[in-house]
Amino acid sequence: MKEITTLDSKVVYQNKWMTVREDKIQRQSGNSGIYSVVEKADFVIVLPIEDEHIYLVEQYRYPLEKRCLELPQGSWEEEPNADPAELAASELREETGLVAKQLTYVGFQHLATGYSSQGYHIFLATGLEHTETDLDEEEEGLISQKVSLKEFEAMIIEGTITDASSVNAYGLAKLKQLI
């Protein structure tokens, strides 16, 4: 049962990556209000693991004004209904130059349910072969690096890795005993 009724909806901003919508709403109590929603295509996140090591990417994140470490991830804005496994294989190859012999589906999670409908598919990549990266223009300066799983966990605990999707993806895979 819907607890909130949408009375009116309008797009207040849109580009190729996102749409921001402002909805006039009414709650069950009769109180009305405004709700802003960010619509973005679902994305994939990949855990490339080889010999007790994991591959990370480091890139400059403009909103934070600093370089961040995270797991390879991305979406195809022009193909929002693309097969998640194909997308995962493509993003892994593009960002790290790795090709996985096996992609294991870990699960689906929502990114930020308080303001966005966006979610992400998580894949474990194993049987890795090394090729060349093929970065998009938006990924200028992206580099990949291999760290031990122990070091990766320490970086999460220390707050070096703060990307919630990366931390969550790893945690879900570990809870499912895939790692």
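How exposed is Lys146, and as what does it count at that relative accessibility? With a relative accessibility of 41%, Lys146 counts as partly exposed. Please keep in mind that the model is predicted.

## Lys146 and its partner

Let us stay with Lys146 for a moment. Its salt-bridge partner is Glu50, and the closest N and O atoms of the two are 3.4 Å apart. Glu50 belongs to strand 4 and Lys146 to strand 10, so this pair ties together parts that lie 96 residues apart in sequence. The two ends of the bridge can be set side by side: Glu50 counts as buried at 16% relative accessibility, whereas Lys146, at 41%, is partly exposed.

## Other salt bridges

The structure holds 7 salt bridges. Side chains of opposite charge can pair when their charged atoms come close. One of the bridges joins Glu58 to Arg67, with 2.6 Å between the closest N and O atoms. Here Glu58 is buried, because its relative accessibility of 19% falls under the 20% cut-off. Arg67 is partly exposed, with a relative accessible area of 36%. Elsewhere, Arg21, Asp23 and Glu39 are joined into one network by salt bridges that share partners.

Within that network, Glu39 and Arg21 form a salt bridge whose closest N and O atoms are 2.3 Å apart. This pair links distant parts of the chain, with Glu39 in strand 3 and Arg21 in strand 2, 18 residues apart. Glu39 counts as partly exposed, at 30% relative accessibility.

## The sheet of strands 1 to 3

The strands that carry Arg21 and Glu39 also belong to a sheet. This open sheet is formed by 3 strands in the order 1-2-3, with antiparallel pairing. Its edges are strand 1 (4-14) and strand 3 (32-39), each of which pairs on one side only. From one strand to the next, the twist averages 25°.

Strand 2 (residues 19-27) runs antiparallel to strand 3, and 8 bridges join the two. Thr19 has Glu39 of strand 3 as its bridge partner, so you meet Glu39 here as well as in the salt bridge with Arg21.

## Helix 2 and its two faces

Next, have a look at helix 2. Leu149, Phe152 and Met155 are the buried residues of this helix, which spans residues 149-158. Viewed down the helix axis, these buried residues fall within an arc of 120°, so they line one face of helix 2. The face turned away from the buried side carries the exposed residues Lys150, Ile157 and Glu158.

What lies over the buried residues? Their cover includes strand 4 (43-50), strand 5 (53-61), strand 6 (66-70), strand 10 (143-148) and helix 3 (164-175). Strands 4 and 10, which hold Glu50 and Lys146, are thus among the elements covering helix 2. After helix 2 comes Gly159, which has a positive phi near 90°.

## Thr96 in helix 1

Our last stop is Thr96, a residue of helix 1 (residues 84-96). Thr96 is buried, with a relative accessible area of 9%. A polar atom of the Thr96 side chain lies 2.5 Å from the backbone oxygen of Leu92. The side chain of Thr96 also reaches the backbone nitrogen of Leu98, at 3.1 Å.

Leaving aside residues up to four places away in sequence, Thr96 touches Val57, Pro72, Glu91, Thr133 and Ser144.

Notes: Residues are numbered from 1 along each chain as its sequence is written. This is a predicted model: local features need pLDDT of at least 70, side-chain atom pairs count only at pLDDT 80 or more; totals for chains, interfaces and linings use all residues. Side-chain values use heavy atoms; hydrogens and water are left out. Helices (H or I, at least four residues) and strands (E, at least two) are DSSP runs, numbered from the N terminus. Buried means under 20% relative accessible area, exposed over 50%, partly exposed in between (1.4 Å probe, protein chains only). A polar contact is a pair of N or O atoms within 3.5 Å; within protein, one must be able to donate a hydrogen and the other to accept it, and residues adjacent in sequence count only if both atoms are side-chain atoms. Contact means heavy atoms within 4.5 Å. The arc is that of the directions from the helix axis to the C-beta atoms. Two strands pair if DSSP finds at least two bridges between them. Axes are lines fitted to C-alpha atoms, for helices over the stretch in contact, and angles run from 0 to 180 degrees between N-to-C directions. A salt bridge is a side-chain nitrogen of Lys or Arg within 4 Å of a carboxyl oxygen of Asp or Glu.
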